[in-house]
Each structure stands twice: as structure tokens, then as C-alpha cells.
Amino acid sequence: MIAIYPGSFDPITLGHIDLIERGAKLFTMVVVAVLRNPNKIPLFTVNQRLEQIRLSMQHLPNVDVDSFDGLTVKYAQMRGAQVLLRGLRAISDFEVELQMAHTNKTLSTQIETVFLATSNEYSFLSSSVVREIARFGGSVDHLVPPHVARDIYQCYAQNHPVSNPIKTEVI
Ligand code: PNS
């Protein structure tokens with residue numbers, strides 16, 4: 001069974017990676033699918049994010065990395081997938097995720113959303129938390145893979161001189 005793990009991944013975090021690794025044990029293939037979203041101004045381009053995810057997941061042969069436009073269910077149908085995989089961190093996620101799952105069900109009755117509870121150690125972690133810490137000069141070394149941390153520091157050093165990061169110890 002093929003599962004699509006859709007998202008923004010701006011950037012991919014250790015929480016995402018944990019979820020993909022666990023999904024890859026449950027499904028024949030997990031397709032990590034980056035939404036090409038014209039309504040958001042991202043930190044990283046889609047191509048940069050694809051590269052970051054590929055480097056992060058190269059140890060798993062049944063994980064594919066791709067990007068898509070438009071509706072997730074249409075992309076899932078195009079890939080022959082039966083499942084949309086999403087992580088749940090807290091009750092606050094649940095409301096949004098349930099609405100999304102119900103919406104997707106109205107668009108395709110054939111595709112099921114499967115939720116995995118995020119591992120406890122990553123229950124606070126999101127891409128936006130990572131961006132915020134880095135923007136104010138904190139270390140994100142404990143939250144993302146080393147190649148992603150390097151990209152983040154480089155990006156803020158070049159584009160956001162106000163938050164040029166002086167790396168601090170983990171709080
Ligand atoms: O990482 P994110 O930003 O929480 O991912 C959200 C995503 C990409 C899964 C969601 O916005 C999405 O599926 N967008 C594609 C448009 C779509 O299918 N909308 C209908 C479901 S609400």
C-alpha cells in the first residue's frame with residue numbers, strides 16, 4: 001500500500017523524519033510530497049526542500065520524494081496511493097487535521113487519512129518553531145538534520161542580517 005505524506009516541509013524537521021521512518025515500516029512506499037504553494041512565501045524554495053528531504057531520507061529505499069500542485073487527493077490518485085499520512089502532535093492539530101481529513105474524504109472516498117501520533121520527544125516541534133529559533137539566532141542543531149541546520153544558518157546569515165545567528169547552546 002502506498003502512502004502520501006504531504007506537507008510544506010519548510011524545512012523538514014526531526015519530527016517529520018521520525019514520522020516518515022515509522023510510516024515506511026507500515027506501508028510499501030511512503031511518498032513525501034511537498035506542496036507547491038503560491039500563497040506562501042517560504043524560507044526555502046521547493047527544490048531546496050526536495051534536496052533537504054532526499055538527503056534526510058536516503059537511508060530508506062521505500063521512501064520517494066516529490067512535489068505537487070493543487071489537491072492532495074488528486075496527486076494521491078495520480079500516484080496510485082490509497083493513504084494520506086499525517087502526524088498528530090496535540091489537540092490543537094486534531095481540529096485542523098480532522099477537518100482536512102473530512103474534506104479529503106468528500107473529494108475521494110477511496111483515499112483514507114491515517115494519523116500517527118508524533119513521538120513524545122517531538123511533540124513541540126514544527127517547521128515554524130525551527131524558523132523562529134533560527135531567526136532570533138538560536139541553535140536548531142537538535143531539531144533538524146545537520147545539512148538542514150547548515151542551510152538555515154546560511155539562509156538567515158545571507159537574507160536576514162537582523163537575525164544573523166550567533167549559535168547558542170541548547171536551552
Ligand atoms: O505541512 P502543512 O503545511 O501542514 O501541510 C498542509 C497540506 C499541504 C497537507 C495541505 O494544505 C494540503 O493538502 N494542501 C493541498 C490542497 C488540498 O488538497 N486541500 C484540500 C484539503 S484541506
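Visitor: Which residues is Ser 126 in contact with, leaving aside its neighbours within four places in sequence?
Guide: Contact means heavy atoms within 4.5 Å. Ser 126 belongs to the loop between β5 and α5 (127–135). Outside its own stretch of four places either way, the residues it touches are Thr 13 and Arg 89.

Visitor: What kind of model is this, and from which number are residues counted?
Guide: The model is predicted, so local features need pLDDT of at least 70 and side-chain atom pairs count only at pLDDT 80 or more, while totals for chains, interfaces and linings use all residues. Side-chain values use heavy atoms, without hydrogens and water, and along each chain, as its sequence is written, the numbering starts from 1.

Visitor: Is Ser 126 buried or exposed?
Guide: Buried means under 20% relative accessible area, exposed means over 50%, and partly exposed lies in between (1.4 Å probe, protein chains only). The relative accessible area of Ser 126 is 15%, so this residue counts as buried.

Visitor: Which side chain makes a polar contact of 3.1 Å with that of Ser 126?
Guide: A polar contact is a pair of N or O atoms within 3.5 Å; within protein, one must be able to donate a hydrogen and the other to accept it, and residues adjacent in sequence count only if both atoms are side-chain atoms. For Ser 126, the partner at 3.1 Å is the side chain of Ser 128.

Visitor: How long is the polar contact between the side chains of Asp 18 and Ser 119?
Guide: Asp 18 is part of helix α1 (residues 14–26); helices (H or I, at least four residues) and strands (E, at least two) are DSSP runs numbered from the N terminus. Asp 18 has 14% relative accessibility, so it is buried. Beyond four places in sequence, it touches Ser 119 and Tyr 122. Its side chain and that of Ser 119 form a polar contact of 2.6 Å.

Visitor: Which residue in β2 stands opposite Ile 4?
Guide: Two strands pair if DSSP finds at least two bridges between them. β1 and β2 are parallel and share six bridges. In β2, the residue opposite Ile 4 is Val 31.

Visitor: In β3, which residue is the bridge partner of Val 30?
Guide: Strand β2 (residues 29–35) has five of its seven residues buried. It runs parallel to strand β3 (residues 63–68), joined by six bridges. The partner of Val 30 in β3 is Val 63.

Visitor: Why is strand β4 described as largely enclosed?
Guide: Strand β1 (residues 2–7) is joined to β4 in parallel by two bridges, and β4 also pairs with strand β5 (residues 112–117) over six parallel bridges. β4 (residues 83–88) is largely enclosed by the rest of the structure because the number of its six residues that are buried is five.

Visitor: What percentage of the ligand's accessible area does the protein cover?
Guide: Residues around the ligand (one heavy atom within 4 Å) include Pro 6, Lys 40 and Asn 104. A ligand oxygen is 2.6 Å from a side-chain N or O atom of Ser 8, and for Arg 86 such a distance is 3.0 Å. On its own the ligand has 540 Å² of accessible area (Shrake-Rupley method, 1.4 Å probe; for residues, only the protein chains shown count as cover), and the share covered by the protein is 69%.
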